[in-house]
Amino acid sequence: MMILAQIEWSKLFELKVAIRVAMLIGLGFPGVVFASSLAARSAKRKLSAQGAMLLRKGIFYVGTTIIILQVLHQLNFQLGALLGAAGIVGIALGFASQTSVSNIISGLFLISEHPFEVGDQIRVGDTTGIVLSIDLLSVKLRTFDNQLVRMPNENLIKTQVNNLTHFPIRRLDINVSVAYKEDVNLVKGILLDIAKDHPHILDEPEPLVLFQDFGDSALQFLFAVWSVKEDFLILKKTVRELIKARFDAAGIEIPFPHRSLYAGTDTAPFPIRIVSETPGAAASVSPTSLT
Amino acid sequence: MDIWKPQRIDALKIYQARIGPLVLWLRQTDGEMHVAQTYELEGQFMDMHGLKEYVQEVPLHTPWSRWVVEKEMHQVRLTPCLPNRPVVVRTESPVKISVGKEAVFYVSFPIWLKIEAGDGQLIELCDVPSAVRSNTWFGDTMEGELCYSLMTRARRQIEDADHPVYKALCPVRIRNASEDRLDVERFCLHVEHLSLYQGTHLLWTNEVMITFQGEDQISKVDYARQKPKLGSDLKLITPPRTPFKETLLKRSLASIIRFSDS
């Protein structure tokens, strides 16, 4: 309101001033939009998507500010008064919009700290998606089922963010269980053969097969393989199917959880009953035993 | 070698070429060129031959890719070229190079084939590897580059190098300019900067010179401008995919890195 009160509106009716203001608005704003997108496009090869976005927004905001100040100047507005008023308004706004200010400051931290950039795949809590933009107030993600998720910058500063695509290669860890009767070396050999034959698994870093533990129902292995981040999804989709197929072909059992009951060698066998399934017949009982 | 000369093909007929483990299929129909490739197992493939009419039935599930071309294209040329990524090769056993000394290694790697078709002026359709590729990573888990891994090892003697017709042989000279002993176990070869030369029977590349300047320094890599000295009657058939600058500073040497516990 203070700004509006200080503007000499009568100036607008002077032809020269009116033309200058119209030119500043009519040519200045499209010019700024054009310049920002041109700069971002030409810098696309040299900068990352994040850098190009920051450049575009930077040029747009600086250009817009200059145009507004020029328009005010043409209308005989005293900028000193505006800067003075800005301090008071800033305090008032700061109290009124603490959340927004917090988000803006968090956004600046996110941009300077650089934990992720546009195009990265990140996981925040239960949400995983690709970063679409890092704005002043929020970060926008596209999830894999094509939803747009808006996350306030303040939340991202406070919580753990996993950047899944920061490094160029990723490791896929698969827990494999086989029956106790199986040959450990044969299982290791089959898993390493799968790694050798799979087109998306890297030879280096070397695939790892680790005999981890004696589980309740199975011998437990860790099968860890590396791929470039672009191939990670297809690797994830195919490698388990391949393990199942190769184990089936080699007759290796992947056991489900089970328990064996036995009463020890010195105890009597467990008594069981076999019930005849003959339709209409009375249930016949034949005593036998289970060891 | 006749394999690399342009060959005439007729529409609606199927042609087959065998180059090492690669079995290449071609057919031309309705203004399209269809290209397919399959691979034989290592050591089980038959002799090489250029494009020949294939009169038998094409195996089911042959993975054809289709290229829109001119209505009539009577010529196809297969040209050997180098892989589109760097290759990582291990030495047969670790070799130690003393301070100020140098060692020459011979590296053989499968070539790729550039397929061109046309009638008079040939246009490039695609390039295909002559052997199944295996990906590897050269560098650490945080930075590095995607390369092809070579099954064959770098040899110190040229007589020991595996050099069938579908592979190119590259002499690599490694000089230790550092103040410590250099253990060479594997190195990365940027084949995209190499030229391919055809000898009487075999394919060669120009020589690569890697100067090791220290554990924390990047190595200096130079690519010879002239033909390799060892081959006879060599002529340039394929220039580099990416022309090299005067001197490239690359990380080309690495000792064994344990990734398994990272």
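This tour moves through a predicted model, from chain A as a whole to one helix, then to a pair of helices, and finally to a single histidine.

Start with chain A in cartoon view, where the secondary structure comes to eight helices and ten strands. If you colour the chain by burial, buried residues make up 17% of its 291 residues. Among the contacts in chain A between residues at least 6 apart in sequence, 60% join residues at least 24 apart.

Next, select residues 98-113 of chain A, which form helix α5. At 1.5 Å a residue, these 16 residues should span 22 Å, and the C-alpha atoms at the two ends of the helix are indeed 22 Å apart, so the expected span and the modelled one agree. Now show the side chains of A:Asn103, A:Ser106, A:Gly107 and A:Leu110, which are the residues to look at for burial, since each of them is buried in α5(A). Because these four cover an arc of only 110° around the axis, they lie on the same side of α5(A). The spacing can be read against a general rule: an α-helix has 3.6 residues a turn, so residues three or four places apart point the same way.

Keep the buried residues of α5(A) displayed and add their surroundings in chain A, where they pack against the strands β2 (127-134), β3 (138-143) and β4 (148-152), and also against helix α6 (153-158). Turning to the other side of α5(A), select A:Gln98, A:Leu108 and A:Ser112, which are exposed. Before leaving this helix, step to A:His114, which follows α5(A) and has a positive phi, near 65°.

The following stop is a helix pair, so select residues 184-197 (α7) and 232-250 (α8) of chain A, which pack at an angle of about 135° with their axes 10 Å apart. Since angles over 145 degrees would count as roughly antiparallel, α7(A) and α8(A) are therefore described as oblique to each other. The crossing of these two helices, α7(A) and α8(A), is right-handed. To see where they meet, display A:Leu186, A:Ile190 and A:Ile194 from α7(A), together with A:Val239, A:Leu242, A:Ile243, A:Arg246, A:Phe247 and A:Ala250 from α8(A).

Finish at A:His73, which is found in helix α3 (residues 49-74) of chain A. Is A:His73 buried, exposed or partly exposed? With 13 other C-beta atoms within 10 Å, A:His73 is partly exposed. As a last distance to draw, join the C-alpha atoms of A:His73 and A:Pro30, which are 43 residues apart along the chain and separated by 20 Å.

Definitions and conventions:
Residues are numbered from 1 along each chain as its sequence is written. Chains are lettered from A and ligands numbered from 1 in the order in which they are written. This is a predicted model: local features need pLDDT of at least 70, side-chain atom pairs count only at pLDDT 80 or more; totals for chains, interfaces and linings use all residues. The expected span of a helix is 1.5 Å times one less than its number of residues. A residue is buried if 20 or more other C-beta atoms lie within 10 Å of its own, exposed if 12 or fewer, and partly exposed in between; C-beta atoms are placed from the backbone. The arc is that of the directions from the helix axis to the C-beta atoms. Two residues are in contact if their C-beta atoms, placed from the backbone, lie within 7 Å. Axes are lines fitted to C-alpha atoms, for helices over the stretch in contact, and angles run from 0 to 180 degrees between N-to-C directions. Angles under 35 degrees count as roughly parallel, over 145 as roughly antiparallel, 65 to 115 as roughly perpendicular and the rest as oblique. A crossing is left-handed if the near helix is turned anticlockwise from the far one by less than a right angle, and right-handed if clockwise.
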